[in-house]
Amino acid sequence: MERTLNKRSGSQCELCSATENLKVYQVLPTKKGGLDESILACSTCIDQIENPGNEDQNHWRCLNESMWSEPIPVQVVSWRMLSRLQNQELLEQMYLDEETLAWAQATGEGEDDENKVIHRDSNGVILAIGDSVVLIKDLKVKGSSMVAKQGTAVRNIRLDHENAEYIEGRVDGQTIVIITQYVKKI
């Protein structure tokens, strides 16, 4: 996949055109993973994407070019960063079809802070899509005989955007809904 992304991007970060410290970055939430849900990005871009509040406004001037990129995952990340940076001028110029816009909004970027549903673990730490958590209690899974054991790590969680107490994750190959008060972020 990295070879294909290097070819697609010309061995440059698909956001800022940097040529060093390039990595495959999977744009969450994913359905199947793979090339159609990944971009090639530099470590600077990845760090600022994954750590809200660390954004360098000057670094993201590159979005006025990357927002027009052909690959959909690049458009999604560009939209999310423009939303986070509150760059309404460029957001108004950008067009995403309904499905792409839904994917871009799936992480909660672009929502007013008062409308955002914030998920917190048992210690009050904010959870985000793609985080890993550990169960702090044995949980009986409704509708099955399965018991999710205390200490089980659940990776790459998804958030319920309507209820702050629910997250989804895979345990023993099965996707289950987990109540946030029974997990701790790793």
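**Arg84 and its partner**

I started with arginine 84, which has 19% relative accessibility and so counts as buried, the cut-off being under 20%. This is a predicted model, so I kept that in mind for everything below. Next I looked for what the side chain of arginine 84 touches, and found a salt bridge with glutamate 55, at 3.1 Å from N to O. The two ends sit in distant parts of the chain, 29 residues apart: arginine 84 is in helix H4, and glutamate 55 is in the loop between helix H2 (43–50) and helix H3 (63–66).

**Other salt bridges**

How many salt bridges does the count come to? I got 5. I looked up two others besides the one above.

Arginine 8 and glutamate 14 meet through their side chains at 2.8 Å, N to O. I checked the cover on each partner. Arginine 8 has a relative accessible area of 32%, so I put it down as partly exposed. Glutamate 14 comes out at 10% and therefore counts as buried.

Lysine 31 and glutamate 99 also form a salt bridge, with 3.9 Å from N to O. I noted the cut-off here, since a pair has to be within 4 Å to count. Lysine 31 is in the loop between S1 and strand S2 (38–42), while glutamate 99 belongs to helix H6, so this contact ties together parts that are 68 residues apart in sequence. Are these two buried or exposed? Both lysine 31 and glutamate 99 are exposed.

**Second largest pocket**

I went on to the second largest pocket, where I read off a volume of about 420 Å³. Its lining has 16 residues, and the closest to the centre are Lys31, Asp36, Glu37, Glu99 and Trp103. So the salt-bridge partners Lys31 and Glu99 turn up again in this list. Which helix gives the most to the lining? I found that to be H6, with 4 residues. Helix H4 (72–84) and helix H6 (98–105) each supply at least two lining residues. I had met H4 already, as the helix that holds arginine 84.

**Surface patch**

I then looked for nonpolar side chains on the surface. Met1, Val24 and Leu35 make up one such patch, with about 220 Å² of accessible area together. I followed up valine 24, which lies in strand S1 (residues 22–26). Its relative accessibility is 32%, so I noted valine 24 as partly exposed.

**Strands**

Last, I traced the pairing. One open sheet has 3 strands in the order S6-S3-S10, with antiparallel pairing. S6 (153–154) and S10 (183–185) stand at its edges with a single partner strand each, so one side of each has no neighbour in the sheet. Between S3 (residues 133–135) and S6 I found 2 bridges, and the two strands run antiparallel. Which residue in S6 is the bridge partner of valine 133? I found valine 154.

I also looked at S8 (residues 166–171) and S9 (residues 174–179), which pair in the antiparallel sense over 6 bridges. I picked out glutamate 168, whose bridge partner in S9 is valine 177. The hairpin of S8 and S9 has 2 residues between its strands, and there aspartate 172 takes a positive phi near 50°. As a reminder for reading side chains here, those in a regular strand alternate between the two faces of the sheet.

Definitions and conventions
Residues numbered from 1 in each chain as written. Predicted model: local features only at pLDDT ≥ 70, side-chain atom pairs only at ≥ 80, totals over all residues. Heavy atoms only, no water. Pairing = 2+ DSSP bridges. Patch = residues over 30% accessible without salt bridge, like charges linked within 9 Å, V, L, I, M, F, W, Y side chains within 5 Å. Areas by Shrake-Rupley, 256 points an atom, 1.4 Å probe, with all protein chains shown as cover. Buried < 20%, exposed > 50% of the residue type's maximum accessible area, 1.4 Å probe, protein only. 1 Å grid on protein atoms, 1.4 Å probe; cavity = no way out; pocket = protein on both sides within 12 Å on 5 of 7 lines; lining within 4 Å. Points joined across faces, edges and corners; volume = space filled by probe spheres on them.
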